[in-house]
Amino acid sequence: MQVPSGYGLYHQNYIAPSGHYSQGPGKMTSLPLDTQRDDYYSGLYTGSTQNVVTPSTVNQQPGAQQMYSRGPPAVVGSTPGSFRGAAASSASHLHTSASPPYSSFVNHYNSSALYSANSSVASQGFPSTCGHYAMSTVSNAVYPSVSYPSLPAGDPYGQMFTSQSTPPVRPVTDNSFSGQNTAISHPSPLPPPPSQQYHQQQSLSGYNTLSWSAPGLPSSAQDNLIRNHTGSLATTSNTPTNTVAGSLPCPVMQNVLPPKSSPTVSSSASARTPPTANRPVEPVASVAQPSEQLQQKGVDSSSTTSSASPMPNSYDALEGGSYPDMLSSSASSPAPDPAPESDPAPASAPASAPAAPQPSKMAKPFGYGYPTLQPGYQNATAPLNSGVQPSNPVYSGFQQYPQYPGMNQLSSSLGGLSLQSSPQPESLRPVNLTQERNILPMTPVWAPVPNLNLELRKLNCSPDSFRCTLTNIPQTQALLNKAKLPLGLLLHPFRDLTQLPVITSNTIVRCRSCRTYINPFVSFIDQRRWKCNLCYRVNDVPEEFMYNPLTRSYGEPHKRPEVQNSTVEFIASSDYMLRPPQPAVYLFVLDVSHNAVEAGYLTILCQSLLENLDKLPGDSRTRIGFMTFDSTIHFYNLQEGLSQPQMLIVSDIDDVFLPTPDSLLVNLYESKELIKDLLNALPNMFTNTRETHSALGPALQAAFKLMSPTGGRVSVFQTQLPSLGAGLLQSREDPNQRSSTKVVQHLGPATDFYKKLALDCSGQQTAVDLFLLSSQYSDLASLACMSKYSAGCIYYYPSFHYTHNPSQAEKLQKDLKRYLTRKIGFEAVMRIRCTKGLSMHTFHGNFFVRSTDLLSLANINPDAGFAVQLSIEESLTDTSLVCFQTALLYTSSKGERRIRVHTLCLPVVSSLADVYAGVDVQAAICLLANMAVDRSVSSSLSDARDALVNAVVDSLSAYGSTISNLQHSALIAPCSLKLFPLYVLALLKQKAFRTGTSTRLDDRVYAMCQIKSQPLVHLMKMIHPNLYRIDRLTDEGAVHVNDRVVPQPPLQKLSAEKLTRDGAFLMDCGSVFYIWIGKGCDNNFIEDVLGCPDFASIPQKMTHLPELDTLSSERARSFITWLRDSRPLSPILHVVKDESPAKTEFFQHLIEDRTEAAFSYYEFLLHIQQQICK
Amino acid sequence: MAFTFAAFCYMLALLLTAALIFFAIWHIIAFDELKTDYKNPIDQCNTLNPILENVFVFNLIHICMRIRKLVLPEYLIHAFFCVMFLCAAEWLTLGLNMPLLAYHIWRYMSRPVMSGPGLYDPTTIMNADILAYCQKEGWCKLAFYLLAFFYYLYGMIYVLVSS
């Protein structure tokens, strides 16, 4: 059963890259599909073009191979039916609610869903945003369809999903609430990808449970809890995977006894029989019929492939590995389950029931994904594919599981050989970097999913909020050192979420010794006690926790939302306050010197403020104030009752005082008219100023005095070097040194004035946000300190001018809109805890580290990201899982004290190969970038660059030494690391770290600040932009968002070789979009999309695509809008003509190409190879 | 037996080294506090710095300030009796002290950008590497001062007896 599906899946997976352009919606598909199929066949039958290692596998390991390949076909005959029958029976359960236990579970879930729908609306106003970059399909996909599936309408997860790609979602929800019947009889286009995941999860589950439950969970009560719980999930969600999870505990036993993989197979063989016996149970004949056909097809082709071609062989083996596990689990699950056991006859039905959906679902992707492919492909597969495909690494992560036993065994006996001779997971497939020409996948790269069993994975934290550079944590520091990879976490804790369970309860359950919040990964020893997963202390379950508000039932602590979600938010009691929650307080400190007035930012700011005054987050206590400064400091008395704003000038900048401390920060609602008057008047108040000096330091001191009683947010707008009073700065940049390849100086602050001020502010819960709009050097390195240590954020608009540089003006406008209206948390602290044995090493981001694991954040905003380096202090041999928990305690703008808790759970591995298999290359790159910034400030830029190159060299040579028998001349990387050199090269060419290219010091420092404070999703785009060809957009593979068709062109590699003269290309750099128009670009495109008759007439500075009523214009615009919607800061668009001077801006992002000062990608690879061989 | 300048130097150094030992111990304790203070973050050092006392007080900044206050005196004292030994022409003793003197000078030259005197930047001190380094530094200095203490004692008696 598994095989066909797997096969079908594989198909998906395999095709996706090439199929991206050919996956067509609509009727034109036949041709592309053919090609796909051809592709596929060729892949299958003409031998492995891709993987040279696999064929050899066949020869070397005939035994194992055969075992695997023989297994499936044999099984197929008997199992499908049985499964099908089971499926039917479970379906009937669902519909009739015949079986009490299951129906009760269903209930539970329904109500839970209700709960979340009613009480937990924490939506942030950026739903689509989240949808998009939250898309990291894997986890999310699991989320929507699995965890709250039974709730059709109110399912928030479902909605979230919808916003990102509508069509795939519909089917999901349909399936999940209409039961298996639908799933089988009119298989929807959707299945392949989800089932792919599921499938992976299954394959994994068996093994993982083993490791998971082996150490802990002594009592059977615990087992029961788990089983009940998963069982319930299985039934409700109707997804195949759950089934396996439901019966998880069993494979444990089976597997534990026979440690090798081969015995497992045999056990599966015997296990197969019970379900077969159930076959007659099948009540719904009509359902069974189609599925059988599908299965039949699956069987045919699968058996052929398995015996014929080497390609599927590795695959097959993987399948085979998982297969027995799955079967055995489903077969034996009834045994330990106490309830069914008491009465065997019904027991067998429910027991196999969970197993049932599996085949049906599996058959479907197969049947659909392959021979009867069209319907599936037409609508939904493509988008989903785009989601799933990237998970290649992910995928493989799981694949390796089935054959873990075999692999471990081999690696012990054969040493380095094992990697080659055993069928290996995709992420470990060695890639010869110098020979692989197209290293970049066609679709975005997604986070790998940790190798956990399904149940845990489903509960695990979304990779958007919480990612680890190694999804398999090495057991000891020695192993980590051997792997030469950075270990760390990347956090985006305050991300805008569309759905978040909010929990109000009197007692927040926490571990008594380490203060960990209760989370899904704790174990319940019995009803009354739980064991902390971080420090292993056994705690009591408080009385209140025994009552479950979702089910309104008593005695089910493991079903509380805290234990069902890894991201939750608690409303904190007064124990969590040091003082009453502060109101939202905003202070704007504005530069009004001549320079600032020239630049004209005041108009834009005041306009934005006027527009968004009502949308500023806050409650009735919200306070606001304004200060302006040039060589003196101006305060504005806005006290209610005044007829007009009163300006108070303080010219004593050496000893700043507040003229009327009480009336400078005023209630927003009481003084709204005055505030509006002021905002209308401000832009014109200083038009004739001749004052060129800027007393920023004293102004900040005044702001600090003003804010210190309450705390809040200070927004500083500065346009030049501060030249008066405390904190004055000198120009340190030598323009002749901009393109120096040697030493880059002055990356650190010139004075500690701003740092000290920031620390004082931080102590008074005040964050300082800096908007630097300058045309000259302004020593951002020093100024940035005011935001860095007070947990503020930094925006930089080089050469800002409201008329001369309209794109910057537009960017400021958009950024301000987001800045003013986004969510904000005050007086926050964030604590990161991790399992005993691990420890925090260094933190990256904007904050002040208060103690070893506590970050003080005066403000927290949804666009702030953090990184943490970890070290392994004690060996983790006695545990198989490690957990990380971040708790963010903050005061919401409504004056509520809240705690947002994220928990991430990862497996521990003991072999080097597994460590490599679980590398999250994007996270690793982001962490390395953070470390490199630190290094370049504390040591030097060239040191940092060397460290980056060494990171690649070390890790690849470490990997090379594990595969001893491969030819040493080639540069080999595991598949999971194949993008590592590319990304490092991209980093070296990034503004922050590049040398040789003229880079202004402020630009460089700003890039560094961004690296430190951006969350991973945004940072990755900054490091490695996405390039798309947009002059031939088609609806093939398009996704549908809000009734709009969004084309999905494939990613191009960042090289000029891809830029054909007759094309138009879009580059997405995160905060900027470039559209490059080739000289020979089709006039139709120019006319239809750009609205110009021909290439020559395209204006030099074009920042908008006109809204034209043509198909290609619509497609291009909807694609760009879709990309834009996926991020909080709206990027600006530049249309770059091939011959315009602006094209250097564009070409500097083509990181695979050679520049005068830097390697091309290929040269870089050779360089690395040289270093390794040295 | 006569009371020479060298003997006076040794006696002075003996007393000052006792003070340095005390400083080193304080240094170690302060960093240890830093490392473990999350158990009881707020009230530990309020007594030491009553001016800044408020609920949001940062222990860390205080400890840094405290250490900062001690670092310069320590360096000055050490430099002072190095000069004394130079004057007394106790070349061996001076030679033994030179590495530490050089280290102190290097340490002070490479301190982070700071307006006041001091070595420790509260924003980076919690970095595990720096914290570990500082602790190790404290222990090494303690050991050095203890050995030096007994050496000075021996030196003093030797000078007194031999002359």
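Here is a short back-and-forth on a predicted model and the terms used for it.

User: How do you know which features count here?
Analyst: In this predicted model local features need pLDDT of at least 70, side-chain atom pairs count only at pLDDT 80 or more, and totals for chains, interfaces and linings use all residues. Residues are numbered from 1 along each chain as its sequence is written, chains are lettered from A and ligands numbered from 1 in the order in which they are written, and side-chain values use heavy atoms, with hydrogens and water left out.

User: What makes residues 142–161 of chain B a helix span?
Analyst: Helices are DSSP runs of H or I, at least four residues, while strands are runs of E, at least two, both numbered from the N terminus. Residues 142–161 of chain B come out 100% helix and 0% strand, with end C-alpha atoms 29 Å apart. Over residues 75–101 of chain B the chain is 89% helix and 0% strand, and the end C-alpha atoms are 8 Å apart.

User: Why is "transmembrane region" attached to chain B?
Analyst: That label comes from an unreviewed UniProt entry, which covers residues 7–29, 75–101 and 142–161 of chain B. UniProt positions follow the numbering used here, feature names are shortened, and annotations may be inferred rather than shown by experiment.

User: How do you know that strand 4 and strand 24 of chain A pair?
Analyst: Two strands pair if DSSP finds at least two bridges between them. Four bridges join strand 4 (residues 488–491) to strand 24 (residues 866–872) of chain A, so they qualify, running antiparallel. Leu489(A), for one, has Val868(A) as its bridge partner in strand 24.

User: What makes strand 2 and strand 21 of chain A edge strands?
Analyst: The open sheet has the order 2-4-24-21 in chain A, with antiparallel pairing. Strand 2 (466–468) and strand 21 (838–844) each have a single partner strand, so one side of each is left without a neighbour in the sheet.

User: Why is the second largest cavity called a cavity?
Analyst: On a 1 Å grid over the protein atoms alone, a cavity is a set of points where a 1.4 Å probe fits but cannot get out; lining residues have an atom within 4 Å of a point. The second largest cavity is lined by 21 residues, with Cys793(A) and Asp863(A) among those nearest its centre. Helix 41 of chain A gives the largest share of that lining, four residues.

User: What makes up the lining of the second largest cavity by class?
Analyst: Ala, Val, Leu, Ile, Met, Phe, Trp, Tyr, Cys and Pro count as nonpolar, Asp, Glu, Lys and Arg as charged, and the others, Gly among them, as polar. The lining has 11 nonpolar, eight polar and two charged residues.

Terms used. 1 Å grid on protein atoms, 1.4 Å probe; cavity = no way out; pocket = protein on both sides within 12 Å on 5 of 7 lines; lining within 4 Å.
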